[in-house]
Amino acid sequence: MQEPMSIEGYDLLIEEFKFLLEVEKPKVAAEKLVAAAMGDRSENADYHAAKEKLRHIDKRLFYLNSVIQKSQIIDPSKLSHTRVSFGSSVKILNIETDEEECYTICGVLESEPENGLISVHSPLACAMLGKEVDDQFKIQLPKSKKEYEIVEIWYKNIFLLKKNIRTKSHFSFH
């Protein structure tokens, strides 16, 4: 299954992958060699810590590689957004409570639900995809069913809305 993501999201994945492969893994491997040279490995905390870090780095590299291979890069700025699609920001009205909510549909690794950035695979996003302004839709929640109406659809770059953008300092394993 392909994994939709923005160009910036893809670039960030590649940046993390390269950093782990070319910088972090060689650094930790060198730490492991230094620790191993200190003698008895059975009680060598530095050796075991480096070995554990390498294991985590390899797991993360494997995961990132699989996501990169499945990624489907979408440039939402080129879509019309007359209908809800990937990258759309959507204002919806809860028909029962008359409260408005805003969400932006993005890739799984780009999502920040607490900031209104929801995964394209989330139940709410799936219910909204393809809808137009004034369309109504229902979503089944664990204990209730909610009904909404699409009020407005527009485009704004996902990465201008994100509040938690990962940087090289986040890529390291401490």
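User: Which residue in β7 is the bridge partner of K138?
Analyst: The model is predicted: local features need pLDDT of at least 70, side-chain atom pairs count only at pLDDT 80 or more, and totals for chains, interfaces and linings use all residues. Residues are numbered from 1 along each chain as its sequence is written, and side-chain values use heavy atoms, leaving out hydrogens and water. Strands are DSSP runs of E with at least two residues, helices are runs of H or I with at least four, and both are numbered from the N terminus. β6 and β7 pair in the antiparallel sense over five bridges, and in β7 the bridge partner of K138 is E147.

User: How many residues does the hairpin that joins β6 to β7 pass through?
Analyst: Two strands pair if DSSP finds at least two bridges between them. β6 covers 136–140 and β7 covers 145–155. The number of residues through which the hairpin joins them is four.

User: In what order do the five strands of the open sheet lie?
Analyst: β3 is joined to β4 by five antiparallel bridges, and to β7 by seven bridges, also in the antiparallel sense. Three bridges join β4 to β5, and these two run parallel. The pairing of the sheet is therefore described as mixed, β5 and β6 stand at its edges with a single partner strand each, and the order is β5-β4-β3-β7-β6.

User: By how many degrees are neighbouring strands of this sheet turned against each other on average?
Analyst: Axes are lines fitted to C-alpha atoms, for helices over the stretch in contact, and angles run from 0 to 180 degrees between N-to-C directions. With direction ignored, the average turn between neighbouring strands of this sheet is 45 degrees.

User: Which residue of β4 stands opposite K91?
Analyst: In β3, S89 stands opposite W154 of β7, and L93 stands opposite E149 of β7. On the β4 side, the hairpin has five residues between the strands, and D98 takes a positive phi near 65 degrees. The residue of β4 opposite K91 is C102.

User: How many of the seven residues of β4 are buried?
Analyst: Buried means under 20% relative accessible area, exposed over 50%, and partly exposed in between, with a 1.4 Å probe and protein chains only. By this rule β4 is mostly covered. The number of buried residues in β4 is five.

User: Which element supplies the largest share of the largest nonpolar core?
Analyst: A nonpolar core is a set of buried Ala, Val, Leu, Ile, Met, Phe, Trp, Tyr and Cys residues joined through side-chain atoms within 4.5 Å. This one has 25 residues, and I92, L124, M128, F137 and I150 have the most contacts inside it. Elements that supply at least two residues each include α1, β3 and β7. The largest share, four residues, comes from α3.

User: Which elements do the buried residues of α2 pack against?
Analyst: Contact means heavy atoms within 4.5 Å. In α2, the buried residues are Y47, A50, L54, I57, L61, L64, V67 and I68. A50, L61 and L64 are among the eleven residues of another core, apart from the largest one. The buried residues of α2 pack against β1, α1 and β2.

User: How far apart are the end C-alpha atoms of α2?
Analyst: The expected span of a helix is 1.5 Å times one less than its number of residues. Helix α2 has 26 residues, 45–70, and so should span 38 Å. The distance between its end C-alpha atoms agrees with this, at 38 Å.
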